[in-house]
Structures are given as structure tokens and as C-alpha cells.
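Subject: Structure handover

Hello,

I am passing this structure on to you, with my notes below it. Please look through the structure first and then read on.

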Amino acid sequence: MKRFFSSFILTLVVTLMFGDVHLSATDQTALSFLQKEGWSIQSQAYSFDSLSILFSAKSPQDTYHTLYTTHITKEGWSTPQQVFQADDFEAIDPTWSPSQNQLYFIKHTFAIPDNKKSEDKFQICSSSLSNNQWSTPTPIIISEGCESTPFLAEDEQTLFFAKKVSISRNKKLYRLFFTRKLDAYNWVVPTPLVETEDNVEHYTPSISQHNDTILQFLSCIQSKNNTRITEDTIHLLPSFRRLPILTLWGNVTDYIHHTGIAADITIYDAITSQPL
């Protein structure tokens, strides 16, 4: 999946300054014709063959940002096709598989007005293509409602993303995590990828097109006087490829009803998803 770091640098700066996300038209030649027609483009992801684009946008007729696809033709880019209708949420930060039959994105659900306990949620959701129809988006089981910028690796099992974590009692910052898909519904418990200082956030992870052991991402360094955004990389250690998955089950007793549930212990291989 191709991402344009200059676009996301601008995105993050705009987000920090204004709380809204719009990408530069200079970095979006393929979609610039839509912007001229009044579309708001939030983010985009090229297919691995660069012949299709999955993007988050709000047309003049849309209430919220939702997902669209467009494909290259002899006449240019095709008329955008809406993936699904977003009636009460925003669909942003999309990523899709090399086969183009799976997609993941962030579902932004808004807080309930005048409810101080209600907060905006940002869940990683998935959808699958079958018979030319995308399934109803559903949150993946590990999503906690505080994620951002997912990226699906070429193996179609490894998912990178940013997630807000508590740094101190009143401070939360985005950190990079990865997980692996076990089956249609189950994922590995997310594992942190980058250790960093308390004034640094990380976003928009993606694997380098030239070296699949290099993870690219953006770092946002905040200080009292300014905010600086840089492009960074880390090398994924060999252990990243061999990470085992341990799923533990045992005899659980319900002390209120004095009943027991027996279960098994299973260890899975993170790469093959097969029991060891």
C-alpha cells in the first residue's frame, strides 16, 4: 500500500491546528478533479499495483466522510464508487489488502451532545468484498475506540496502527502497535513497536516498498513553543516475524453460582496462524 508522507505531514499539522483533516491537492493529482468539484478528501491509499485508489472523502451530497474507490482507465480515473453509506459516523484513514477484497478504516463515532461522559470513538473496522458487495463494517475485536491510521501489510494478516495510551494521569499520546489476524474474528493482543519519550507521538505506519523489514511512520514532537513532525523508520527485528501467540484458557469458577467452565490451552504460530 502506498502512502504519501508529505500529505500526512500536512494532515497532522492541519489536525493539530484546526482539528479537521484535508490533504493538499498537490499531493493528490489523481483526486484533484474531485476537489475542484467541491469534494473534501481526508486520506487515500493506493492499491499495490497503483491502478486503484481507496479514499475517504465527503462529496457535496455527503453529510460525513465515507469511503470511495476509483480505478485507472484509458480515459483516466473512473467515476468514484461509494463503498458504503456513512449515515451517522465518519469513515477515515482507509487501508486495503493486495487482493483488494479486505479493507480496514477508522470509524469515527461522535460523542452524544450535552453528555459530559460521552466521548468520540475511533474504532478500527473491517469490511470484506463478496459478489461485488462490501459487507457491513464491523469493529475488530481488539479495537478500544482510540486508534488511528491502520495499515494492512502485504501478508494480509499483520495490521499496524496508532493507538492512544496513557502516559500520565491526565495525558494520552499515540503510540505504534501491531497485531496479527488469527481467523475471521480473532486477533493477537496488540504489541507496541516503538519506545519513545513522553512528548512524542507516532502515526501513519507503513512498510517500506523497498525493504519489508523497515517500518516507516511519522513522529510528532511537541514542545511549549512549537510542534515538529518528522519522517522516521525502524528496522523490524527477526523476532517480529516469529512472534508466537499464546492463548490461555483454564478452569474458571463462578463463585456466585458455584459453576465451573473447562477449557484448553492453545498456542498459535503468529505467521501461519496454525496451532503449535
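The side chain of Asp-62 makes a polar contact with the side chain of Tyr-68, at 2.5 Å. Please keep in mind that this is a predicted model. Asp-62 sits in the loop that runs between β2 (52–58) and β3 (66–73). This aspartate is buried but has no salt bridge. Lys-58 is the nearest side chain of opposite charge, and it is 8.6 Å away from Asp-62. A salt bridge needs a side-chain nitrogen of Lys or Arg within 4 Å of a carboxyl oxygen of Asp or Glu, so at 8.6 Å Lys-58 does not form one with Asp-62.

Salt bridges come next. A search of the whole structure turns up one. Its partners are Glu-144 and Lys-163, whose closest N and O atoms are 3.6 Å apart. Glu-144 belongs to the loop between β10 (138–139) and β11 (147–152), while Lys-163 is in strand β12, so the pair ties together parts that are 19 residues apart in sequence. The two ends have opposite surroundings: Glu-144 is exposed, with a relative accessible area of 56%, whereas Lys-163 counts as buried at 9% relative accessibility. In general, side chains of opposite charge can pair when their charged atoms come close.

Now the sheet. Three strands make up an open sheet in the order β15-β16-β17, with antiparallel pairing. Its edge strands are β15 and β17 (227–235), each of which pairs on one side only. On average, neighbouring strands of this sheet are turned by 25° against each other, direction ignored.

- β15 and β16: these strands pair in the antiparallel sense over six bridges and form a hairpin with six residues between them. Ile-207 stands opposite Leu-215, which is in β16.
- β16 and β17: the antiparallel pairing here runs over nine bridges, and the hairpin has four residues between its strands. Leu-218 stands opposite Glu-231 in β17.

Is β15 enclosed or open to the outside? Eight of the eight residues of β15 are buried, so this strand is largely enclosed by the rest of the structure. Glu-201 is located in β15. This glutamate is buried, with a relative accessible area of 6%, which is under the 20% limit for that term. Glu-201 and Leu-176 are 25 residues apart in sequence, and their C-alpha atoms are 8.6 Å apart in space.

Leu-176 leads on to the nonpolar cores. The largest one has 16 residues, and those that touch the most other members are Phe-160, Leu-176, Ile-207, Leu-215, Phe-217 and Leu-236. Two or more residues each come from β12 (158–168), β13 (171–180), β15 (200–207) and β16 (214–222). The most come from β16, which gives four residues. Apart from this core lies another, of twelve residues, among them Leu-67, Phe-89, Ala-91 and Leu-103. As a general point, nonpolar side chains in soluble globular proteins tend to be buried together.

If you want places to start in the viewer, I suggest these:

1. Asp-62 and its polar contact with Tyr-68.
2. The salt bridge between Glu-144 and Lys-163.
3. The three-strand sheet in the order β15-β16-β17.
4. The largest nonpolar core, with Phe-160 and Leu-236 among the residues that touch the most other members.

Regards

Definitions and conventions
Residues numbered from 1 in each chain as written. Predicted model: local features only at pLDDT ≥ 70, side-chain atom pairs only at ≥ 80, totals over all residues. Heavy atoms only, no water. Core = buried A, V, L, I, M, F, W, Y, C linked by side-chain atoms within 4.5 Å. Buried < 20%, exposed > 50% of the residue type's maximum accessible area, 1.4 Å probe, protein only. Pairing = 2+ DSSP bridges. Axes fitted to C-alpha atoms, helices over the stretch in contact; angles between N-to-C directions. Lys, Arg positive; Asp, Glu negative; His and termini not counted. Polar contact = N/O pair within 3.5 Å; in protein donor to acceptor, adjacent residues only side chain to side chain.
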